[in-house]
Amino acid sequence: MKRFAVLMALLVSLGAMAQKQDGHKMHKGPKMDMTPEQMATLQTKKMTLALDLTDAQQKKVMKIHLDEAQSRKAKWDEMKAKKESGEWTKPTSEERFEMENARLDHQIAHQEKMKEVLNDEQYQTWKKMRKHKAMHGKKKMQERGRRG
């Protein structure tokens, strides 16, 4: 009987340890609890530290980041409302194409705005940072996909 109890305890603990360990999740939910002003301020300060921006550049970048954050927050809230009300449906291939096309146009416009504000050296560093962040994000997405 004692062996059976030890065996059961071992199996239960092994089963618990084998469960999926999520660890740090990269969901955007907690960030969306912040106001657009808070998100823009944090992004601007991080860029200032990385690129050594002047005061004039900081103000311009803050405005760009604020516009981006407000747009992102509005889209997030709209999508959240659709999902909660049950109106959300999986987009068709044509709708996905339109969304992706709009996203890329938006990125091009954002890149042009940043090119106007930053000097050449800062702009090159900024592009490298964005590329690194994009690759890191893809890697994380693949890891999450593999785990379930």
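## Positive patch and two single residues

Lys 127 lies in helix α5. This is a predicted model. At 33% relative accessibility, Lys 127 is partly exposed, because that class runs between 20% and 50%.

Lys 127 belongs to a patch of positive charge on the surface. Its partners there are Lys 46, Arg 72, Lys 115, Arg 130 and Lys 133. Which helix gives the largest share of the positive patch? Helix α5, spanning residues 120-147, supplies three residues.

Next comes a histidine. His 65 sits in helix α3, which covers residues 55-85. Is His 65 buried or exposed? His 65 counts as buried, because its relative accessibility of 5% falls under the 20% cut-off. Neighbours within four places in sequence are left aside here; beyond them, His 65 is in contact with Ala 40, Gln 43, Thr 44 and Met 47.

Then there is a loop residue. Asp 52 lies between α2 (36-51) and α3. Asp 52 is not a glycine, yet its phi is positive, at about 55°. Asp 52 is exposed, because its relative accessible area of 64% is over 50%.

The table sets out the three residues by place and accessibility.

| Residue | Place | Relative accessibility | Class |
|---|---|---|---|
| Lys 127 | helix α5 | 33% | partly exposed |
| His 65 | helix α3 | 5% | buried |
| Asp 52 | loop between α2 and α3 | 64% | exposed |

Terms used:
Residues are numbered from 1 along each chain as its sequence is written. This is a predicted model: local features need pLDDT of at least 70, side-chain atom pairs count only at pLDDT 80 or more; totals for chains, interfaces and linings use all residues. Side-chain values use heavy atoms; hydrogens and water are left out. Patches are made of residues with over 30% relative accessible area and no salt bridge: like charges are joined within 9 Å, nonpolar side chains (Val, Leu, Ile, Met, Phe, Trp, Tyr) within 5 Å. Accessible areas come from the Shrake-Rupley method with a 1.4 Å probe; for residues, only the protein chains shown count as cover. A salt bridge is a side-chain nitrogen of Lys or Arg within 4 Å of a carboxyl oxygen of Asp or Glu. Lys and Arg count as positive and Asp and Glu as negative; His and the chain ends are not counted. The place of a charge is taken as NZ of Lys, CZ of Arg, CG of Asp or CD of Glu. Helices (H or I, at least four residues) and strands (E, at least two) are DSSP runs, numbered from the N terminus. Buried means under 20% relative accessible area, exposed over 50%, partly exposed in between (1.4 Å probe, protein chains only). Contact means heavy atoms within 4.5 Å.
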